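Q: Got a minute to go through this one with me? I'd like to start with the pockets and then wander a bit.

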Amino acid sequence: MGIKQVRALTTTLPSVTWIPLARAHTERADQMTAGHRARRATGDKHAIEDFLYDYYGTRPSLLRRWHPGVGTGLSPAPDGLAEHAGWKFYMTYEGGVVTLDQDAFMHARAESVRYIHGLLTATASRPVFSGCFGLHEWAMVYRDAEHRHELPLRLGQEGTDQVVEQHSIRCTHFDAFRFFTPEAVGLNRLQPTRATQVDLDQPGCLHAAMDVHKWAQKLGPAVPGALALDCFALAGEIRLLDMQASPYDLTSYGHPPVKIETAEGKAEYVARQRELARRAAGLRSRLIRVCEALLGPEAAAQNREAVAPFNQR
């Protein structure tokens, strides 16, 4: 990469600091993806864990790459520049400090950054709604003989359909709603679309919380490595609850169901949902700060103002 004049850096890490951080990040990422990589080699499938890779397009090779994050520079190592110098969206300052090239990154992804910032800001402004009980997964198999996963329904098809019909369905997240069966679409109290996502996403939704991983991936090298892995780890925990509360029988995976068709199951689901939402809120706030560092104070304020009409809905 070319050499540029120094502009504002939040901090510059010496090599004795960032090299161990990068090494520890790679080790943590490899541990987190070991099961998936082993299954990929054998062609085995996992109905719970594969979601993070198949749906979100997660690539272990990219997940293991440590990034210092926007505004942080890396001093040269004893054997030369940080390897990041050869990576996309990085630049080298005079003196050999390597950092994210914010101008190049924003030139390529400004629209995405503005959208992510607006969506996360609007979502964070709303109270947690915890009355959905994970029924979106039930609506995805309602009155349908073809299911996404090769797992039995623990209540059978008829029993599953009855649970859907005995509850009020209020799914706010388009990327869950779009997988509803045709017969279930009209049962949802809302009709989310991609265009209304900023208007409807709320922090209690498991899928909106899982999406912190999606947005961390979209923001790529601007996101500090620890934050990226924290988002991925939380998404995995959320996915587990998502499937435990689903109509599928997870006996083959050794996971007990969260029986949301019972009062006890509903209480367990809500308690876990609220705790996951609390943790996702912290990660969401950190991602918002990444976006604002990229946008700058003035543009970030303008973007917040643009989504203000959607807040608190």
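Q: Which helix gives the largest share of the lining of the largest pocket?
A: That's H10, with 5 residues of the lining. Keep in mind that this is a predicted model.

Q: OK, and what volume does the largest pocket have?
A: About 640 Å³. It has 26 lining residues, and the closest to its centre are Leu62, Gln217, Lys218, Gly220 and Pro221.

Q: Which helices each supply at least two residues of that lining?
A: Helix H3 (60-63), helix H10 (206-219) and helix H11 (225-244).

Q: How do the lining residues of the largest pocket divide into nonpolar, polar and charged?
A: There are 11 nonpolar, 8 polar and 7 charged.

Q: Now the closed spaces. How many cavities of 30 Å³ or more does a search of the whole structure find?
A: It finds 2. The largest cavity holds about 120 Å³ of space, and the second largest about 40 Å³.

Q: Which residues lie nearest the centre of the largest cavity?
A: Cys132, His136, Arg170, Cys171 and Thr172, out of 16 that line it. By class the lining has 9 nonpolar, 6 polar and 1 charged residues. Helix H5 (135-139) and H10 each supply at least two of them.

Q: And what lines the second largest cavity?
A: Leu119, Leu120, Thr123, Asp201, Ala208, Asp211, Trp215 and Arg284. They split into 4 nonpolar, 1 polar and 3 charged. H4 and H10 each bring at least two residues to that lining.

Q: Since H4 came up, where does Tyr115 lie?
A: Tyr115 is in helix H4 (residues 102-124).

Q: Is Tyr115 buried, exposed or partly exposed, and why?
A: Partly exposed, because its relative accessibility is 33%.

Q: What is Tyr115 in contact with, leaving aside neighbours within four places in sequence?
A: Gln197, Val198 and Trp215. Trp215 is also one of the residues lining the second largest cavity.

Q: Switching to packing. Which residues of the largest nonpolar core touch the most other members?
A: Leu219, Ile260, Tyr269, Leu287 and Leu294, in a core of 67 residues. Helix H12 (residues 263-295) gives the most to this core, 11 residues.

Q: Take Leu294, then. What is it in contact with beyond its neighbours within four places in sequence?
A: Quite a list: Val70, Leu100, Gln102, Phe105, Met106, Val113, Leu219 and Ala222.

Q: What lies apart from the largest core?
A: Another core, of 11 residues, including Leu13, Trp66, Ala82 and Ala85.

Q: Aromatics next. How many aromatic pairs does the structure hold?
A: It holds 9.

Q: Why is the pair of Trp18 and Trp66 stacked rather than edge-to-face?
A: The planes of the two rings are at 0°, with the centres 6.5 Å apart, so the pair counts as stacked.

Q: Which parts does that pair tie together?
A: Trp18 lies in helix H1 (residues 15-42) and Trp66 in the loop between H3 and strand E3 (72-74), so the pair ties together parts that are 48 residues apart in sequence.

Q: Are Trp18 and Trp66 buried or exposed?
A: Both are buried.

Q: What about Tyr55 and Tyr56, are they stacked or edge-to-face?
A: Edge-to-face, with 5.0 Å centre to centre and 75° between the planes. Together with Phe51, Tyr55 and Tyr56 form one aromatic cluster.

Q: How do Tyr55 and Tyr56 come out, buried or partly exposed?
A: Tyr55 counts as partly exposed at 25% relative accessibility, whereas Tyr56 is buried with a relative accessible area of 9%.

Q: Last topic, the backbone. What phi does Phe133 have?
A: A positive one, about 55°, although Phe133 is not a glycine. Most residues other than glycine have a negative phi.

Q: Where is Phe133 found, and is it buried or exposed?
A: Phe133 is in the loop between H4 and H5. With a relative accessible area of 18%, Phe133 is buried.

Q: And what's the phi of Arg143?
A: Positive too, about 50°, and Arg143 isn't a glycine either. Arg143 has its place in the loop between H5 and helix H6 (156-165).

Key: Residues are numbered from 1 along each chain as its sequence is written. This is a predicted model: local features need pLDDT of at least 70, side-chain atom pairs count only at pLDDT 80 or more; totals for chains, interfaces and linings use all residues. Side-chain values use heavy atoms; hydrogens and water are left out. On a 1 Å grid over the protein atoms alone, a cavity is a set of points where a 1.4 Å probe fits but cannot get out, and a pocket is an open set with protein on both sides within 12 Å along at least five of seven lines; lining residues have an atom within 4 Å of a point. Grid points are joined across faces, edges and corners, and a volume is the space filled by probe spheres set on the points. Helices (H or I, at least four residues) and strands (E, at least two) are DSSP runs, numbered from the N terminus. Ala, Val, Leu, Ile, Met, Phe, Trp, Tyr, Cys and Pro count as nonpolar, Asp, Glu, Lys and Arg as charged, and the others, Gly among them, as polar. A nonpolar core is a set of buried Ala, Val, Leu, Ile, Met, Phe, Trp, Tyr and Cys residues joined through side-chain atoms within 4.5 Å. Buried means under 20% relative accessible area, exposed over 50%, partly exposed in between (1.4 Å probe, protein chains only). Contact means heavy atoms within 4.5 Å. Rings of Phe, Tyr and Trp (its six-membered ring) pair if their centres lie within 6.5 Å; planes under 30 degrees apart count as stacked, over 60 as edge-to-face and the rest as tilted.
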